[in-house]
Amino acid sequence: MSQLVSPLPTVGDYVAYFSHQPLPVLRRTVRELDALRADMDRVGGRQIAAVVLSDPLMTMRLLTYLETHRRQSQNHDITTIERAVMMLGVEPFFRLFDQLPTVEEALKASPQALVKVLRVIARARRAADLAREFAIARHDLDVQEITVAAALHEATEIVCWVFAPALTERVYALQLADRTLRSADAQRRVFGVTAAEIQLELIRAWRLPALLVQLLDPSLKDDPRVRTVMLATRTARHLARGWDDAGLPDDLADLEALVRLPRESLLARLGAPEEARARLLAPPEPD
(Lines give C-alpha, C1' and ligand atoms only; values in the text may rest on other atoms or scores of the structure.)
Protein backbone atom coordinates (compact mmCIF):
# COMPACT_ATOMS: atom_id res chain seq x y z
CA MET A 1 0.00 0.00 0.00
CA SER A 2 1.67 3.22 -1.16
CA GLN A 3 1.44 6.65 0.48
CA LEU A 4 1.45 10.15 -0.92
CA VAL A 5 4.34 12.38 0.14
CA SER A 6 3.71 15.26 -2.27
CA PRO A 7 0.48 17.03 -3.28
CA LEU A 8 -1.27 16.10 -6.52
CA PRO A 9 -2.38 18.62 -9.18
CA THR A 10 -6.17 18.21 -9.04
CA VAL A 11 -9.10 16.81 -7.09
CA GLY A 12 -9.50 14.18 -9.81
CA ASP A 13 -5.91 13.02 -9.26
CA TYR A 14 -6.55 12.51 -5.54
CA VAL A 15 -9.75 10.59 -6.25
CA ALA A 16 -7.97 8.37 -8.78
CA TYR A 17 -5.11 7.72 -6.37
CA PHE A 18 -7.33 6.89 -3.39
CA SER A 19 -9.63 4.77 -5.55
CA HIS A 20 -6.77 2.53 -6.70
CA GLN A 21 -5.64 1.71 -3.16
CA PRO A 22 -7.11 -1.22 -1.20
CA LEU A 23 -9.19 0.32 1.56
CA PRO A 24 -8.04 -1.07 4.92
CA VAL A 25 -10.21 -1.64 7.99
CA LEU A 26 -9.50 -1.71 11.71
CA ARG A 27 -7.67 -4.74 13.06
CA ARG A 28 -10.42 -5.03 15.66
CA THR A 29 -12.97 -5.33 12.84
CA VAL A 30 -11.03 -8.23 11.29
CA ARG A 31 -10.90 -10.01 14.65
CA GLU A 32 -14.59 -9.50 15.38
CA LEU A 33 -15.61 -10.69 11.90
CA ASP A 34 -13.35 -13.73 12.27
CA ALA A 35 -15.09 -14.58 15.56
CA LEU A 36 -18.50 -14.32 13.89
CA ARG A 37 -17.30 -16.34 10.91
CA ALA A 38 -16.34 -19.20 13.25
CA ASP A 39 -19.97 -19.37 14.39
CA MET A 40 -21.52 -18.55 11.01
CA ASP A 41 -24.51 -20.89 11.33
CA ARG A 42 -25.83 -18.94 14.32
CA VAL A 43 -24.90 -15.43 13.19
CA GLY A 44 -27.52 -13.00 11.88
CA GLY A 45 -27.33 -9.85 9.79
CA ARG A 46 -27.81 -7.60 12.81
CA GLN A 47 -24.67 -8.92 14.54
CA ILE A 48 -22.59 -8.44 11.40
CA ALA A 49 -24.03 -4.98 10.83
CA ALA A 50 -23.06 -3.89 14.35
CA VAL A 51 -19.41 -4.79 13.67
CA VAL A 52 -19.40 -3.13 10.25
CA LEU A 53 -21.02 0.09 11.43
CA SER A 54 -18.51 0.50 14.26
CA ASP A 55 -15.80 0.92 11.60
CA PRO A 56 -16.32 3.74 9.04
CA LEU A 57 -13.78 2.15 6.69
CA MET A 58 -15.56 -1.22 6.71
CA THR A 59 -18.85 0.63 6.21
CA MET A 60 -17.40 2.28 3.10
CA ARG A 61 -16.01 -1.02 1.82
CA LEU A 62 -19.39 -2.74 2.07
CA LEU A 63 -21.48 0.03 0.54
CA THR A 64 -19.11 0.69 -2.35
CA TYR A 65 -18.89 -3.04 -3.10
CA LEU A 66 -22.66 -3.27 -3.33
CA GLU A 67 -22.93 -0.25 -5.60
CA THR A 68 -20.14 -1.37 -7.94
CA HIS A 69 -21.64 -4.87 -8.13
CA ARG A 70 -25.23 -3.75 -8.39
CA ARG A 71 -27.58 -6.24 -10.02
CA GLN A 72 -29.71 -5.12 -12.95
CA SER A 73 -32.80 -6.26 -11.07
CA GLN A 74 -31.97 -4.00 -8.09
CA ASN A 75 -34.15 -0.93 -8.52
CA HIS A 76 -33.44 0.80 -5.22
CA ASP A 77 -30.40 1.91 -3.22
CA ILE A 78 -29.19 0.05 -0.15
CA THR A 79 -28.69 2.75 2.48
CA THR A 80 -28.29 0.81 5.73
CA ILE A 81 -25.73 -1.79 6.76
CA GLU A 82 -28.22 -4.39 7.92
CA ARG A 83 -30.00 -4.27 4.55
CA ALA A 84 -26.62 -4.49 2.80
CA VAL A 85 -25.73 -7.67 4.70
CA MET A 86 -29.18 -9.12 3.98
CA MET A 87 -28.74 -8.33 0.29
CA LEU A 88 -25.47 -10.28 0.16
CA GLY A 89 -26.36 -13.08 2.57
CA VAL A 90 -24.27 -14.15 5.56
CA GLU A 91 -22.09 -16.77 3.87
CA PRO A 92 -21.30 -14.64 0.77
CA PHE A 93 -20.49 -11.69 3.05
CA PHE A 94 -17.83 -13.67 4.90
CA ARG A 95 -16.47 -15.07 1.65
CA LEU A 96 -16.18 -11.61 0.07
CA PHE A 97 -14.67 -9.85 3.07
CA ASP A 98 -11.92 -12.23 4.09
CA GLN A 99 -8.23 -11.46 4.58
CA LEU A 100 -8.81 -7.71 4.72
CA PRO A 101 -5.87 -5.27 4.95
CA THR A 102 -5.72 -3.31 8.20
CA VAL A 103 -5.10 0.32 9.11
CA GLU A 104 -2.57 -0.77 11.72
CA GLU A 105 -0.51 -2.59 9.08
CA ALA A 106 -0.82 0.28 6.58
CA LEU A 107 0.52 2.79 9.11
CA LYS A 108 3.03 0.61 10.96
CA ALA A 109 5.82 2.94 9.80
CA SER A 110 3.88 6.03 10.93
CA PRO A 111 2.83 5.38 14.54
CA GLN A 112 1.83 9.01 15.18
CA ALA A 113 -0.45 8.98 12.15
CA LEU A 114 -1.98 5.72 13.38
CA VAL A 115 -2.82 7.29 16.75
CA LYS A 116 -4.41 10.28 15.04
CA VAL A 117 -6.48 8.32 12.53
CA LEU A 118 -7.76 6.10 15.35
CA ARG A 119 -8.89 9.29 17.11
CA VAL A 120 -10.74 10.44 13.99
CA ILE A 121 -12.38 7.02 13.65
CA ALA A 122 -13.43 7.14 17.31
CA ARG A 123 -14.90 10.59 16.68
CA ALA A 124 -16.79 9.32 13.65
CA ARG A 125 -18.16 6.45 15.73
CA ARG A 126 -19.33 8.89 18.38
CA ALA A 127 -20.93 11.09 15.71
CA ALA A 128 -22.86 8.07 14.46
CA ASP A 129 -24.07 7.29 17.99
CA LEU A 130 -25.14 10.90 18.52
CA ALA A 131 -26.87 11.06 15.14
CA ARG A 132 -28.83 7.95 16.06
CA GLU A 133 -29.92 9.54 19.37
CA PHE A 134 -30.93 12.78 17.66
CA ALA A 135 -32.77 10.94 14.88
CA ILE A 136 -34.73 8.94 17.46
CA ALA A 137 -35.61 12.15 19.29
CA ARG A 138 -36.83 13.61 15.98
CA HIS A 139 -38.85 10.44 15.23
CA ASP A 140 -36.97 10.08 11.94
CA LEU A 141 -38.49 7.58 9.53
CA ASP A 142 -35.21 5.68 9.09
CA VAL A 143 -32.76 6.12 11.95
CA GLN A 144 -30.22 3.72 10.41
CA GLU A 145 -29.76 5.92 7.32
CA ILE A 146 -28.87 8.88 9.52
CA THR A 147 -26.48 6.71 11.54
CA VAL A 148 -24.64 5.50 8.43
CA ALA A 149 -24.34 9.00 6.98
CA ALA A 150 -22.84 10.33 10.22
CA ALA A 151 -20.37 7.43 10.35
CA LEU A 152 -19.18 8.37 6.84
CA HIS A 153 -18.98 12.13 7.42
CA GLU A 154 -15.28 11.98 8.35
CA ALA A 155 -14.45 9.55 5.54
CA THR A 156 -12.11 11.84 3.62
CA GLU A 157 -10.03 12.80 6.66
CA ILE A 158 -9.69 9.13 7.54
CA VAL A 159 -8.63 8.24 3.99
CA CYS A 160 -6.12 11.11 3.97
CA TRP A 161 -4.55 9.92 7.23
CA VAL A 162 -4.25 6.39 5.82
CA PHE A 163 -2.89 7.23 2.36
CA ALA A 164 -1.26 10.66 2.88
CA PRO A 165 -0.20 10.80 6.55
CA ALA A 166 2.72 13.20 6.04
CA LEU A 167 0.56 15.72 4.17
CA THR A 168 -2.28 15.42 6.69
CA GLU A 169 0.18 15.95 9.55
CA ARG A 170 1.26 19.21 7.90
CA VAL A 171 -2.38 20.40 7.87
CA TYR A 172 -2.64 19.73 11.60
CA ALA A 173 0.71 21.48 12.24
CA LEU A 174 -0.47 24.61 10.41
CA GLN A 175 -3.61 24.77 12.53
CA LEU A 176 -1.67 24.13 15.71
CA ALA A 177 0.61 27.06 14.87
CA ASP A 178 -2.34 29.31 14.01
CA ARG A 179 -5.53 28.59 15.95
CA THR A 180 -7.47 31.05 13.76
CA LEU A 181 -6.65 29.12 10.55
CA ARG A 182 -9.72 27.38 9.15
CA SER A 183 -9.42 23.70 8.26
CA ALA A 184 -10.30 24.32 4.61
CA ASP A 185 -7.59 26.99 4.28
CA ALA A 186 -4.96 24.76 5.87
CA GLN A 187 -5.96 21.86 3.60
CA ARG A 188 -5.72 24.04 0.51
CA ARG A 189 -2.23 25.21 1.49
CA VAL A 190 -0.97 21.64 1.83
CA PHE A 191 -3.07 19.53 -0.57
CA GLY A 192 -3.96 22.30 -3.03
CA VAL A 193 -7.64 21.36 -2.55
CA THR A 194 -9.98 20.96 0.42
CA ALA A 195 -11.22 17.77 2.07
CA ALA A 196 -14.77 18.77 1.17
CA GLU A 197 -13.85 18.96 -2.52
CA ILE A 198 -12.17 15.56 -2.39
CA GLN A 199 -15.11 14.06 -0.48
CA LEU A 200 -17.67 15.29 -3.00
CA GLU A 201 -15.81 13.61 -5.86
CA LEU A 202 -14.90 10.51 -3.87
CA ILE A 203 -18.50 9.69 -3.00
CA ARG A 204 -19.40 10.05 -6.66
CA ALA A 205 -16.49 7.89 -7.81
CA TRP A 206 -17.24 5.26 -5.16
CA ARG A 207 -20.92 5.43 -6.10
CA LEU A 208 -22.34 5.76 -2.63
CA PRO A 209 -26.16 5.59 -2.61
CA ALA A 210 -27.78 8.85 -3.67
CA LEU A 211 -29.61 9.29 -0.39
CA LEU A 212 -26.39 9.05 1.61
CA VAL A 213 -24.75 11.53 -0.77
CA GLN A 214 -27.64 13.89 -0.08
CA LEU A 215 -27.33 13.45 3.68
CA LEU A 216 -23.63 14.38 3.43
CA ASP A 217 -24.24 17.51 1.33
CA PRO A 218 -23.64 20.66 3.45
CA SER A 219 -25.48 22.81 0.90
CA LEU A 220 -28.69 21.09 2.09
CA LYS A 221 -28.16 22.09 5.73
CA ASP A 222 -31.74 23.35 6.07
CA ASP A 223 -33.03 19.80 5.59
CA PRO A 224 -33.65 18.39 9.12
CA ARG A 225 -32.06 15.04 8.27
CA VAL A 226 -28.93 16.66 6.82
CA ARG A 227 -28.81 18.99 9.80
CA THR A 228 -29.00 16.02 12.15
CA VAL A 229 -25.89 14.53 10.55
CA MET A 230 -24.04 17.86 10.54
CA LEU A 231 -24.82 18.68 14.17
CA ALA A 232 -23.93 15.18 15.35
CA THR A 233 -20.57 15.46 13.57
CA ARG A 234 -19.92 18.98 14.88
CA THR A 235 -20.87 18.04 18.44
CA ALA A 236 -18.67 14.93 18.36
CA ARG A 237 -15.75 17.05 17.14
CA HIS A 238 -16.21 19.55 19.98
CA LEU A 239 -16.71 16.83 22.60
CA ALA A 240 -13.43 15.24 21.49
CA ARG A 241 -11.75 18.43 22.74
CA GLY A 242 -13.51 18.29 26.11
CA TRP A 243 -16.67 19.48 27.82
CA ASP A 244 -15.22 22.96 28.16
CA ASP A 245 -14.95 23.43 24.38
CA ALA A 246 -16.18 26.90 23.39
CA GLY A 247 -18.35 25.53 20.59
CA LEU A 248 -20.59 23.35 22.78
CA PRO A 249 -23.07 26.06 23.85
CA ASP A 250 -23.82 26.83 20.19
CA ASP A 251 -24.15 23.11 19.46
CA LEU A 252 -26.68 22.74 22.27
CA ALA A 253 -28.67 25.77 21.13
CA ASP A 254 -28.87 24.41 17.58
CA LEU A 255 -29.79 20.93 18.84
CA GLU A 256 -32.55 22.31 21.06
CA ALA A 257 -34.10 23.89 17.96
CA LEU A 258 -33.65 20.71 15.88
CA VAL A 259 -34.83 17.97 18.23
CA ARG A 260 -37.10 20.14 20.39
CA LEU A 261 -35.80 18.81 23.68
CA PRO A 262 -34.88 20.91 26.72
CA ARG A 263 -31.17 21.37 27.34
CA GLU A 264 -31.20 19.20 30.47
CA SER A 265 -32.54 16.25 28.44
CA LEU A 266 -29.96 16.85 25.72
CA LEU A 267 -27.11 16.88 28.21
CA ALA A 268 -28.40 13.63 29.69
CA ARG A 269 -28.46 12.01 26.24
CA LEU A 270 -24.92 13.27 25.62
CA GLY A 271 -23.74 11.76 28.91
CA ALA A 272 -22.52 15.08 30.29
CA PRO A 273 -20.71 14.87 33.64
CA GLU A 274 -22.25 16.73 36.58
CA GLU A 275 -19.82 19.65 36.48
CA ALA A 276 -20.43 20.21 32.77
CA ARG A 277 -24.20 20.03 33.25
CA ALA A 278 -24.11 22.67 35.96
CA ARG A 279 -22.04 25.00 33.80
CA LEU A 280 -23.96 24.47 30.56
CA LEU A 281 -27.34 24.84 32.25
CA ALA A 282 -26.38 28.07 34.01
CA PRO A 283 -27.99 31.23 32.56
CA PRO A 284 -25.58 33.46 30.62
CA GLU A 285 -23.90 36.19 32.64
CA PRO A 286 -25.23 39.72 31.96
CA ASP A 287 -23.00 41.96 29.88
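Across the interface of domain 1 and domain 2, 3 residue pairs are in polar contact, both partners having pLDDT 80 or more. Helices on the domain 1 side come next: α2 (27–37), α4 (56–68) and α5 (81–88) are the elements that each give two or more residues to the side touching domain 2. Of these, α4 makes the largest contribution, with 8 residues. Please keep in mind that this is a predicted model.

**The two domains**
- The domain assignment splits the chain into domain 1, covering 25–100, and domain 2, covering 104–273.
- Their contact draws 21 residues from domain 1 and 22 residues from domain 2.
- Between the C-alpha centres of domain 1 and domain 2 there is a distance of 23 Å.

**Buried area**
- About 1,900 Å² is buried between domain 1 and domain 2, and carbon and sulfur atoms give 69% of that area.
- On the domain 1 side, Pro56, Met60 and Thr79 together supply 28% of the area buried against domain 2, which is more than any other three residues supply.

**Charges at the interface**
- The count of salt bridges between domain 1 and domain 2 is 2.
- Arg83 pairs with Asp142 in a salt bridge, and their closest N and O atoms are 2.4 Å apart.

**Make-up of the domain 1 side**
- Sorted by class, the side of domain 1 that touches domain 2 holds 9 nonpolar, 6 polar and 6 charged residues.

Notes. Residues are numbered from 1 along each chain as its sequence is written. This is a predicted model: local features need pLDDT of at least 70, side-chain atom pairs count only at pLDDT 80 or more; totals for chains, interfaces and linings use all residues. Side-chain values use heavy atoms; hydrogens and water are left out. Domain bounds come from an automatic or database domain assignment. Contact means heavy atoms within 4.5 Å. Buried area is the accessible area (1.4 Å probe) that two parts lose on being put together, summed over both. A salt bridge is a side-chain nitrogen of Lys or Arg within 4 Å of a carboxyl oxygen of Asp or Glu. A polar contact is a pair of N or O atoms within 3.5 Å; within protein, one must be able to donate a hydrogen and the other to accept it, and residues adjacent in sequence count only if both atoms are side-chain atoms. Helices (H or I, at least four residues) and strands (E, at least two) are DSSP runs, numbered from the N terminus. Ala, Val, Leu, Ile, Met, Phe, Trp, Tyr, Cys and Pro count as nonpolar, Asp, Glu, Lys and Arg as charged, and the others, Gly among them, as polar.
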